[in-house]
Amino acid sequence: MKRPVKNNIGWVGKIDWELRRFHGHELSTHRGSSYNSYLIREEKTVLIDTVWNPFAEEFVHGLAGEIPLEKIDAVVANHAEIDHSGALPELLSRIPDTPVYCSANAVKSLRGHYHRDWNFQVVKTGDRLALGDKELVFIEAPMLHWPDSMMCYLTGDAVLFSNDAFGQHYASEFLFNDLVDRSELFEEALKYYANILAPFSPLVTKKIRELLSLKLPLEMICPSHGVLWRRDPAQIIEAYGRWAAAYKENQVTIVYDTMWDGTRRLAEALARGIGQASPDIRIKLHNASRSDKNDIITDIFLSRAVLFGSPTINRGILTAMAALIEEVKGLKLQGKKAAAFGCYGWSGESVQRLNEGLKEAGFEVMGEGLRALWNPDEAALKAAREWGAALAASF
Ligand code: FEO
């Protein structure tokens with residue numbers, strides 16, 4: 001095979017170096033991504049997942065360069081989302097009767113996306129597909145991160161094809177974790193977890209327990225995005241175990257938006273007060289209208305406390321902060337403290353609105369917050385520094 005993975009497993013996916021936005025425009029992908037597809041050539045030949053539909057023709061052409069398409073005995077669709085199923089219509093137009101192994105929910109999703117009635121073979125956890133001496137064992141993983149999500153495990157080679165779980169949006173010419181920069185890799189793996197999998201953390205914990213209870217030997221984890229975990233594959237399972245358990249580091253993240261710099265100056269005064277009171281804490285500041293939204297979320301995920309700031313406008317808050325609150329509500333982050341601050345000129349509801357949003361998002365809100373009338377003067381900035389120092393004592 002042109003890109004060997006292990007024994008009779010080859011990688012036949014697509015590296016997408018150009019990708020900068022994913023899920024429409026919702027998720028930033030600063031380092032591109034890949035859509036990993038695997039070809040297993042035992043006595044039976046099986047293809048696991050495909051690629052995003054803009055690359056469907058390129059994918060099928062490349063696959064035909066590896067093997068005559070009619071020799072593919074089965075396709076496994078671990079997940080119906082378009083980035084993995086997108087080339088199925090092109091592929092199955094060439095080999096229409098090929099069985100497609102997938103979960104019952106994936107049949108609904110695939111029919112919903114493509115309106116085709118392919119040769120679906122529904123599998124559930126524990127079902128096996130014999131490939132000769134080895135078998136593929138299917139493991140459903142509902143809500144990791146879609147209802148249809150599934151993994152499969154190849155006996156003999158001890159390889160787990162985990163689909164989205166354990167993935168990273170990280171384009172690399174090199175396939176394996178031991179061949180790439182470790183800090184880049186973990187930065188992307190963490191961002192992926194914080195922005196995609198965090199809402200499902202209780203299910204992640206449960207699935208990890210289930211996987212470990214099977215006591216399967218594990219030599220490699222092959223996700224559907226990014227590099228493959230060849231060296232010490234258990235490390236990413238252990239990392240997921242930590243991230244799924246109300247993860248926090250010694251970090252505080254201050255996120256604000258500002259119209260005439262008053263709320264920005266409050267944010268910087270807060271950072272000064274916190275830093276003076278707790279020199280060991282890592283402090284991150286983001287202007288929500290200027291920083292990348294997903295980088296902000298990753299910083300919030302890492303934090304033990306978050307401070308949200310906005311001036312009052314039209315009795316509410318600025319839209320970048322409103323959007324961020326909407327996003328963090330959905331992420332269901334656990335065990336984090338929060339507080340609100342902002343400038344105002346007359347009615348001054350922004351801090352109350354921020355507090356309401358933070359409570360709804362599941363944060364433990366500390367106090368009533370800090371408000372400053374008009375542009376903060378030196379007395380107001382001193383009060384902000386002192387409030388920051390007082391908050392730091394309770395993070
Ligand atoms: Fe990579 Fe849920 O698709």
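**A walk through helix α12, Asn195 and a five-stranded sheet**

Start with helix α12 and look at Glu378 and Ala379: both are exposed, on the other side of the helix from its buried residues. Bear in mind as you browse that this is a predicted model.

So which residues of α12 are buried? The list is Leu381, Ala384, Trp387, Gly388, Leu391 and Ala392. They sit on the same side of α12, because the arc they cover around the axis is only 135 degrees. The general background is handy here: an α-helix has 3.6 residues a turn, so residues three or four places apart point the same way. As for what covers these buried residues of α12, the cover includes helix α8 (262-277) along with the strands β19 (305-309), β20 (337-344) and β22 (370-373).

You can also do a quick sanity check on the length of α12. The helix has 15 residues, 378-392, so at 1.5 Å a residue it should span 21 Å, and the C-alpha atoms at its ends are indeed 21 Å apart.

Next, hop over to helix α5, residues 182-197, where you'll find Asn195. Is Asn195 buried or exposed? Its relative accessible area is 11%, and the cut-off for buried is under 20%, so Asn195 counts as buried. What do you find around its side chain? There is a polar contact of 3.0 Å with the side chain of Asn294, and another polar contact, of 3.2 Å, links the side chains of Asn195 and Thr298. If you skip the neighbours within four places in sequence, the residues in contact with Asn195 are Leu27, Asn294, Ile297, Thr298 and Leu331.

Last stop: a sheet. This one is open, with 5 strands in the order β12-β13-β14-β15-β16 and mixed pairing. At its edges are β12 (128-130) and β16 (220-223), each of which pairs on one side only. Going from one strand to the next, the twist averages 20 degrees. Zoom in on β15 (residues 159-163) and you'll see that it runs parallel to β16, with 4 bridges joining the two. As an example of bridge partners, take Leu160, which goes with Ile221 in β16.

What packs on this sheet? Helix α6 (residues 201-213) does, touching β13 (135-140), β14 (150-154) and β15. The direction of α6 makes about 150 degrees with that of β13.

Key:
Residues are numbered from 1 along each chain as its sequence is written. This is a predicted model: local features need pLDDT of at least 70, side-chain atom pairs count only at pLDDT 80 or more; totals for chains, interfaces and linings use all residues. Side-chain values use heavy atoms; hydrogens and water are left out. The expected span of a helix is 1.5 Å times one less than its number of residues. Buried means under 20% relative accessible area, exposed over 50%, partly exposed in between (1.4 Å probe, protein chains only). The arc is that of the directions from the helix axis to the C-beta atoms. Contact means heavy atoms within 4.5 Å. A polar contact is a pair of N or O atoms within 3.5 Å; within protein, one must be able to donate a hydrogen and the other to accept it, and residues adjacent in sequence count only if both atoms are side-chain atoms. Two strands pair if DSSP finds at least two bridges between them. Axes are lines fitted to C-alpha atoms, for helices over the stretch in contact, and angles run from 0 to 180 degrees between N-to-C directions.
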